[in-house]
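Biologist: Could you pick one part of this model and take me through it slowly? I would like to see how its pieces fit together.

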Amino acid sequence: MYAEGDTSDVIIPSVFIGHRDFVKLYSMSASSETPLEIELKAGDFLRYFFEKLKRPLIDVIIVTILSPSLMIFFVYIVWRVRQHQIRKAQLAPIKMVKTMPTKVFYLSKRKGNEPEECAICLDDYADGDELRILPCRHEFHIPCIDPWLTTQKKFCPICKKDICPTERTPLLGALSQDSRQA
């Protein structure tokens, strides 16, 4: 509102309202035969303000709190799935471990360079102990090595060689991983 000159002596209160509220007031005044008197109270203005603010406030809460929270939750789920896949790839399949060769240890048949104790539990081999032989030729108690390979790593605890056979590609033919590294 604009007025030329000094307007400090004018004490007519004024309120700006939206078009929708104007249409409501106009229709109410048109349907009434008597003049329409509107009284604004301090509490009414605050209630009106917060009713109009409610919708944008919910939008702000959704954008600033809920959206980042959902994104963090989604990233966390993706991270957990990837960690599970990586962990699964680091373990030997139980079927493969069960098909590895075994032998029964006898102290009388022990050769000079064969170990006398299990490198996992550090117990000496006793006559009649069943040992699992890994592809790298290291031997361990079956109750020690099987959980190691299926719950910890698919590598030999001594030499760190992968006990799972390597994947062969058609371009490399029958070359094994050991001959490619040499």
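**A helix on a sheet**

Modeller: Let's begin at Leu149, which touches Leu91, Ala92, Val97, Met100, Leu134, Lys154, Phe155 and Ile163, once residues up to four places away in sequence are set aside. Please keep in mind that this is a predicted model. Several of those partners return when we turn to the largest nonpolar core, a set of 16 residues. Ala92, Leu134, Phe140, Leu149 and Ile163 have the most contacts inside this core. Helix α4 gives the most to the core, with 3 residues. As general background, nonpolar side chains in soluble globular proteins tend to be buried together.

Now for the sheet. Its 3 strands follow the order β1-β2-β3 in an open, antiparallel arrangement. β1 (102–104) and β3 (139–141) are the edge strands, each pairing on one side only. On average, neighbouring strands are turned by 35° against each other, direction ignored. Helix α4, residues 142–152, packs on this sheet and touches β1, β2 and β3. The direction of α4 makes about 100° with that of β3.

We can follow the pairing strand by strand. β1 and β2 (residues 130–133) run antiparallel and are joined by 3 bridges. Across this pair, Val104 stands opposite Glu130 in β2. On the other side, 3 bridges join β2 to β3, again antiparallel. Here Arg132 faces Phe140 in β3, and Phe140 is one of the core residues with the most contacts. The hairpin of β2 and β3 has 5 residues between the strands, and Arg137 takes a positive phi near 75° there.

One more residue of β3 deserves a stop: His141 lies in this strand. Is His141 buried or exposed? With a relative accessible area of 10%, His141 counts as buried, because that value is under the 20% cut-off. What does His141 contact beyond its neighbours within four places in sequence? The partners are Cys118, Cys121, Asp123, Asp124, Tyr125, Asp129, Glu130 and Leu131. Glu130 also appeared in the strand pairing, where Val104 stands opposite it.

To put the picture back together, α4 touches β1, β2 and β3, and Leu149 and Phe140 are both among the residues with the most contacts inside the largest nonpolar core.

Note on methods: Residues are numbered from 1 along each chain as its sequence is written. This is a predicted model: local features need pLDDT of at least 70, side-chain atom pairs count only at pLDDT 80 or more; totals for chains, interfaces and linings use all residues. Side-chain values use heavy atoms; hydrogens and water are left out. Two strands pair if DSSP finds at least two bridges between them. Helices (H or I, at least four residues) and strands (E, at least two) are DSSP runs, numbered from the N terminus. Axes are lines fitted to C-alpha atoms, for helices over the stretch in contact, and angles run from 0 to 180 degrees between N-to-C directions. Contact means heavy atoms within 4.5 Å. A nonpolar core is a set of buried Ala, Val, Leu, Ile, Met, Phe, Trp, Tyr and Cys residues joined through side-chain atoms within 4.5 Å. Buried means under 20% relative accessible area, exposed over 50%, partly exposed in between (1.4 Å probe, protein chains only).
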